[in-house]
Amino acid sequence: MEPSERGAAMAPGCPGGPWAVGEETAILHGGFLLAARLLQPRPLRELRKADWPRAGVPITDALREIGERCPSPRGRWKEEAVAIVWAKILLPAPPAAAAALEWGWKEDGFFSVGAMIPDVNHTALFELVKALGAPRLFVQLLLALPPGVCRAQLESLVQYISSDTSPSDVSFFLDVWWEVLKHREGQEDATVAAFGALIHQHGGEPPLEDGLQPPKRFKGDPAAPGLPAVLLQGLKQIRGCIAQPRLRCHALANLAELLCLSSALGPGDSPLPIAEHLAKLSAMVRLWSSDTDSQYHPCGLAEKVREAQRSMSLLCLTRPSCEELFAGLDLLCSLLQAWGEELQDTLRAAEELSFESYRLLEALTSLGKSLDSLSETTDLGDSETHLVSELAQLTKDFLRDTRAVLEDLDTSLVSSVAMAIIAQRLDRHLDTCSVFASEKTWACSKAWVECLVENKALFQTPELVLKLLETLVSFATSHHDKEAQELQMQVTKAIVECYTEFSLSDKNKVISGVLASWGGPGVSQNVQVVREGFQEDLNVTLNQITESVSDEGLARAVASVARLTLLSPEATVKQVCHLAVVNLGAHQFLAQILCSFPALSFQESHEETGRPHSLVLRCLQEAVWGKLSTAREEEQFLQFLAFLMQPGSATPLVSPAEVTKAFVLPCLKSDSAQIELSLQILSKVLGTPSCSEEHWIKSCHPFPLLLSLCKLLDGYTKYWHQPREQLFPSLETKDLILSILCQLCELLGPEIFPSSELWVQSLAWLHRKVASLDWTVGLRLKNLYGDHFKNEVPATLFEICRLPEDEWTSQSWPAYGPGSGLLAWMECCCVSPALRDTMLALLSVNVDNPEEVNLFSKGFLVALIQVLPWCSQGEWKRLVPVVEQHLPLLNLRPFSCHLQLSVLLLRGFQLLCSSSCSSWLPPEAWLHLVQLYCSSLTELLASLQATAGAAAQPCAQEVSFTCIQLFCHLLHVAAMLPAAGCEEPLLVVALEVLSQYEVSSRADVSPCAALRRANEGHFLQSVTHSLEHQELRCTLLQKLSKLGARSEH
């Protein structure tokens, strides 16, 4: 009872509670005075059962008047009247001495009201309770008494009903027994609590019936026989007076249920499954509704359900002892023998089962199971064994012919009963919510929806929300009319409201359940009302999120996305992925949101392969992959994907292995449109650490992956001769492939394989496959091959290098005929810095032989122009130190190396642009060559500036001279180029050279500096005028004119 209810209970009509003197007690006082007058000359304390029909009328009339004039909650006046009368019996007024009166008024709350009631006996109490039809109230007050007093009062009742027993006595006794079984502690209201406190306070024992002796104070005897023995004795004494079949069923059911509570029969049945529990409740409610003789017939559904639950939850406060158990079994055996056959006939002939009959059949069924267990698990004496066996057989015989009637019970009220339990928060209401949420036959009726909406706070668990979703989907697939859709909208709204209250962890549980049940599309694929307007809601919500990206808004954004994900995970994830790519700077914020839902790491089953794959990756493939239109979108996609793999403290949504299988392995073909992006992804994932002892790369077919990369490298040997319509990754991507290959070679050691034998077999397989590719590919696998395989190179390389035969082996390839040794040597220098240093160390040239040096110089230039067009930026940077180290005509002037490198490059272009070589390369190859040339000049200028800055003496004139020479070389190259479209990078570098020249010439402060600048300016303009390309010529002349104008000031 809530505190507010207790307060109300204390003062339904009178502020002082049940012992307050008020209008109710005045009316009751008048009733008892009239009864006393009718009984004269005998006092009321000598009232006999036969006197009640006459003397009890004023009392019952007074109670009726109280009920009419002073209404109180739930008939509280009945409780107060019975409590006052019973307290008067147990605590008669003290002698009317002045001191006692003074004490009573001040200290005893019951004193005043007790003084208004004449001394009465148990006859008045029992008949009063019978007249009120209040056995439950009687039991509540009875069990509030001290144990000894309680037992004594129950004995008084047994003694009373055993004399001149009437049908109403029998019914009252059986009802009291039934209420004792159903009673629960802790549910007493204020009146019962006040009554119990009063009796415990005074420790009063009932006086002798003449009421003349003063009250004695006592303490109850805890060793006295319990209530079960008193009840059994009462039934024995009145058994001959129980004639009606309904009362006999009532008596037998009481007895059987009492015996079932004995600890000797085991711990008792565990709670029934909730569906069975509801079916039984429904059956009881239906029985009461159809039985006009039942006291619960006029009650509303809610009250019937409450009472039915009490009837099913027996928690007897005093369990029968072993001695009481066998006494009860003996009595039951005797009663079944006496009444069984007649009751069977009555049950079979009855059109409808009564509640008492129903109770009897259920109780005997439970007892029969307990008896079987008792005989199997307990060591019994001969007489006890015989009794148990005989009773078990009697029970089986009785049920064999009558149990079938239970199968025909009407349980159509189950849904209504369940809703009543939920609405009133009755026992097992949470279990009932589970049935309510999942029972498809109840779903989405108006009453069901109303119950859900009004009690949605009870459904705020992941399990219940999932069951509600299943029920909603089931209903939506079979009901499409307008009314049904309106109900579905209400249900969806209630479900979302429940879900919104969850913690993020519970939301993830629900999302996991949604994905497990309906996959990526979620409930939206089956519920039209969810689909309608969802896309608009999705767009608006996510657009608002991307417009307000901030750490502070993360929690709100996660909550919004959680709501959308509940209804349609796939659509939500796809839209988030799309916005992460197209919205500048929003990718990390959106990745954080997605990573808040580890449930999205859900693995879908693949219909074709039967292998699971990631929902998030599929959404990325369908929403983003192949639709990236700019480099910025590609970069955001890469960063978004990287965050999904490594979200910091959150759980990764995708693994490197999954990403590799989804975006890399299917695209590692040179003609794939996504090959370059796939390689960038592979580079990203290889930088992701493995979370387990076994590296994730092992699950991604690492050696076939290596072979695919090797084939791509092999394709670069034919790069400039590929058909124009054929897709192939750019030369810029070659460095990325080389980097990935290097990473893989470091990862794929024998330690990641279960056995070294398997690793060696895999290595041999790769070596066989790579043997058919360009020979330089094998050199790039040296870190992986280790000592298992020698370096295989053209035989001509051995002619110019001192190669140790234990590490190197020669092969004869048609493309490497006589004189190709330097070409092979230079190709080796491009492979890696380590191999370049090895080649430089092993090169064999007799520098003392002028003819050999001359041949080397010419061969070096020819080899250079053969290698240069196929070099990536990284390879060219590795090759430049080789070129610088072998420049002819070296001298010790600080800038000679810069000039000589520029001259060497110029000579290389002269050879490439000659009539014998100009048709060797396609037009697009010339742009690549120019880019390599310009990158070298840019680095050369930086080196020139650094050298000048570190010089001990001023060298402005030397720097100016070097810049003029570089400018002339560049213009010479521009004039020679056979293909158009290469002017832009040349123009950029030419302007850089002129800017460097301007800085150095202005730094020259010698006496002839101005004249020198004028002459040099005139020379530069003359050279520039000779350029045929108009745009290049005009831009450079404009730059030179500005230089000239500034030099005059």
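Okay, let's start with one residue: R428 is partly exposed, with a relative accessible area of 23%. On our cut-offs, buried means under 20% relative accessible area, exposed means over 50%, and partly exposed is in between, using a 1.4 Å probe and protein chains only. R428 also has a positive phi, near 60°, in a residue other than glycine. You'll find R428 in the loop between α20 (414-424) and α21 (429-438). Helices here are DSSP runs of H or I with at least four residues, strands are runs of E with at least two, and both are numbered from the N terminus.

Quick housekeeping. This is a predicted model, so local features need pLDDT of at least 70 and side-chain atom pairs count only at pLDDT 80 or more, while totals for chains, interfaces and linings use all residues. Residues are numbered from 1 along each chain as its sequence is written, and side-chain values use heavy atoms, with hydrogens and water left out.

Back to backbone oddities. Most residues other than glycine have a negative phi, and most peptide bonds are trans. H701, like R428, goes against that: its phi is near 50°, again positive and again not a glycine. H701 sits in the loop between α34 and α35. Then there's a cis peptide bond joining Q40 and P41, with omega about 15°. P41 is in the loop between α2 (23-39) and α3 (52-55).

Let's go on from H701 into α35, residues 702-715. That helix has 14 residues and reaches 20 Å from first C-alpha to last, close to the 20 Å expected at 1.5 Å a residue. The expected span, by the way, is 1.5 Å times one less than the number of residues. How much of α35 is buried? 11 of its 14 residues are, so the helix is largely enclosed by the rest of the structure. Among the buried ones are P702, F703, C710, D714 and G715. They pack against α33 (656-664), α34 (675-686), α36 (731-747), α37 (756-770), α38 (775-779) and α39 (782-785). Contact, whenever I say it, means heavy atoms within 4.5 Å.

Compare that with α19, residues 382-402. Its 21 residues should span 30 Å at 1.5 Å a residue, and the end C-alpha atoms are 30 Å apart, which agrees. In α19 the buried residues are L387, V388, L391, A392, T395, F398, L399 and T402. Seen down the axis, those buried residues fall within an arc of 135°, so they line one face of the helix. That arc is taken from the directions from the helix axis to the C-beta atoms. An α-helix has 3.6 residues a turn, so residues three or four places apart point the same way. On the face of α19 turned away from the buried side, you have the exposed residues D382, H386 and R400.

Now the core. A nonpolar core is a set of buried Ala, Val, Leu, Ile, Met, Phe, Trp, Tyr and Cys residues joined through side-chain atoms within 4.5 Å. The largest one has 357 residues, and F138, F459, L620, F637, I681, W825 and L879 touch the most other members. Take L620: leaving aside neighbours within four places in sequence, L620 is in contact with C577, W625, F637, F640, L641, L644 and F663.

Two acidic residues for you. E570 is in helix α29 (residues 569-582), and at 14% relative accessibility E570 counts as buried. What joins the side chains of E570 and R618? A polar contact of 2.5 Å. Such a contact is a pair of N or O atoms within 3.5 Å; within protein, one must be able to donate a hydrogen and the other to accept it, and residues adjacent in sequence count only if both atoms are side-chain atoms. E179, in helix α11 (residues 167-182), is buried as well, with a relative accessible area of 4%. Not counting neighbours within four places in sequence, E179 is in contact with P135, R136, V139, Y296, E307 and R310.

Last bit: cysteines. How many disulfides does the structure hold? Zero, with a disulfide being a pair of cysteine sulfur atoms within 2.5 Å. For C241, the nearest cysteine sulfur, that of C249, is 18 Å away. The sulfur of C828 is 7.0 Å from the closest cysteine sulfur, in C829, which is too far for a bond. C241 is partly exposed at 39% relative accessibility, whereas C828 is buried at 0%.
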